Amino acid sequence: IRSFPCASARGIRWCVAMATTAKFWSKLSAAQALKTVPRVVSSGQGAHLEIAGKSYLNFCSSHYLGFAEAPRLKKAAQNAIEKYGLGTGYRTLTGTHSLHVELERAIADFKGTEAAVCFSSAYAANASAVQTILDKDDIVISDQLNHASIIDAVRVAGVRNKFAYKHADMDDLEKKLIAASELQQKPKPNGEHPLILIVTDGVFSMDGDLAPLPKIVDLAKKYDALTMVDDAHGEGVLGRGGRGLVNHFGLEGEVDIEIGSLSKAFSVMGGFIAAKQPLIDCYLMQARQRLFSIALTIPDTAALLEAVTMLGESEDLVQNLWANVHYLREGFTNLGFDIGHSETPIIPIMLGDEDKAKAFSAKLFEEGVFASAICFPMVPKGTARVRVIVSASFSKEDCDAGLAAFKKVADSL
């Protein structure tokens, strides 16, 4: 008589394993019902996007300065391809090109730091910044609204002593620092005392508000903590000629670790860490996200170098950006919209209800304006909004068209 596969103990284990994998695939299949497909763009990332053969005003990308279609960046990339080709390699082997070295020097000069190191993304830069210098017994204190890449960076580092302070609440930050200081008194297994790292976004991407960096720096000094700022949405936007939040507050040399994105205002890809030379040397030698990942491509690096050069030459683009910010901010306010506490080119149109935010965004799209609805879990429930991101590439006519569309949709809803 043939026995059934599950009749023996071994067979039972086999059947359980098969049931487990079957449930895994069943769960994935069920989740497909919730699948969302992004809109496919068939144009450059300028003030207008072509989607399914129609032009839409681009109110939702972070190309703050219009560099995504800048002729000088395109020319720099083309020239570099003709001269050097496309690919690179691992930075520790054959992948460090003279363009990489030149770009990192240019970024350090631009940021007013001793040195800088580039990564393939700002996500990787955040992970490297934390994981390389902290271990499980060190201490991290993080703003509750920090970007997911910061949260993941702390997880990757395996830090067990984690505190989250209320968003931009310096009294709560100090309470967390007092608790961290008590933990710091107990040495780690290697005999050293734990490091305390305060981490914050520079510009908070859902609300457009700024971290109270001067007070954070003061508290860090008071409690012997390191400071780290992810300035992804501040680079190219804030400070003199777009040098970022640290420059905006006049704190050059006071913040230990500055993280920057090279894909937002700079409109290419990548990220960087800017800091004092000894810390950058540590990242050069030990950051796993650098050691085990391919370097930026030749055209990306050449285009980024040109972007940094352009910002060093003139503040016109940054001034154009802020002129558009002020114009649109005033326009939305005059139309009766709640724009929250934004201090940057990120302007949230606060609607509260998630269904209303989604409907508002859909109606805007029908009117030729692409502006995203931001809902839970990206923001807390009850705080849904349509987020507008301003660019220097907008003309006055673009701004007026956007405002008119928002008014029309608001009247219809």
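User: Where in the chain's fold is Asp 338 placed?

Analyst: Happy to help, and keep in mind that this is a predicted model. Look past the end of helix H12 (316–334) and stop before strand S10 (346–352). Asp 338 has its place in the loop between helix H12 and strand S10.

User: Is Asp 338 buried, partly exposed or exposed?

Analyst: Buried means under 20% relative accessible area and exposed means over 50%, with partly exposed in between. Asp 338 has a relative accessibility of 46%, so Asp 338 counts as partly exposed.

User: Which backbone nitrogen lies 2.9 Å from a polar atom of the Asp 338 side chain?

Analyst: Let's start with the wider surroundings of Asp 338. Leaving aside neighbours within four places in sequence, Asp 338 is in contact with Pro 348, Ile 349 and Met 350. The nitrogen you want, 2.9 Å from a polar atom of the Asp 338 side chain, belongs to the backbone of Gly 340.

User: Is Ser 181 buried or exposed?

Analyst: Find Ser 181 in helix H6 (residues 170–184). Not counting residues up to four places away in sequence, Ser 181 touches Ile 196 and Tyr 223. Its relative accessibility is 16%, and the cut-off for buried is under 20%. Ser 181 therefore counts as buried.

User: Which helix gives the largest share of the largest nonpolar core?

Analyst: The largest nonpolar core has 91 residues, and those with the most contacts inside it are Phe 59, Phe 332, Ile 349 and Phe 406. The largest share of this core is nine residues, and they come from helix H11 (residues 298–313).

User: How many residues are in the second, separate core?

Analyst: This core includes Ala 115, Ala 129, Leu 134 and Leu 197. The second, separate core has 26 residues.

User: What span does helix H3 reach from its first C-alpha to its last?

Analyst: Helix H3 covers residues 98–111, which is 14 residues. At 1.5 Å a residue, the expected span is 20 Å. The span in the model is close to that, at 20 Å.

User: Which elements do the buried residues of H3 pack against?

Analyst: Among the buried residues of H3 are Leu 99, Leu 103, Ile 107 and Phe 110. In an α-helix there are 3.6 residues a turn, so residues three or four places apart point the same way. The buried residues of H3 pack against helix H2 (71–84), strand S3 (115–119), strand S8 (257–261), strand S9 (271–275) and H11.

User: Which residue just after H3 takes a positive phi?

Analyst: Step just past the end of H3. The residue there has a phi of about 75 degrees, and that residue is Gly 112.

Methods. Residues are numbered from 1 along each chain as its sequence is written. This is a predicted model: local features need pLDDT of at least 70, side-chain atom pairs count only at pLDDT 80 or more; totals for chains, interfaces and linings use all residues. Side-chain values use heavy atoms; hydrogens and water are left out. Helices (H or I, at least four residues) and strands (E, at least two) are DSSP runs, numbered from the N terminus. Buried means under 20% relative accessible area, exposed over 50%, partly exposed in between (1.4 Å probe, protein chains only). Contact means heavy atoms within 4.5 Å. A polar contact is a pair of N or O atoms within 3.5 Å; within protein, one must be able to donate a hydrogen and the other to accept it, and residues adjacent in sequence count only if both atoms are side-chain atoms. A nonpolar core is a set of buried Ala, Val, Leu, Ile, Met, Phe, Trp, Tyr and Cys residues joined through side-chain atoms within 4.5 Å. The expected span of a helix is 1.5 Å times one less than its number of residues.
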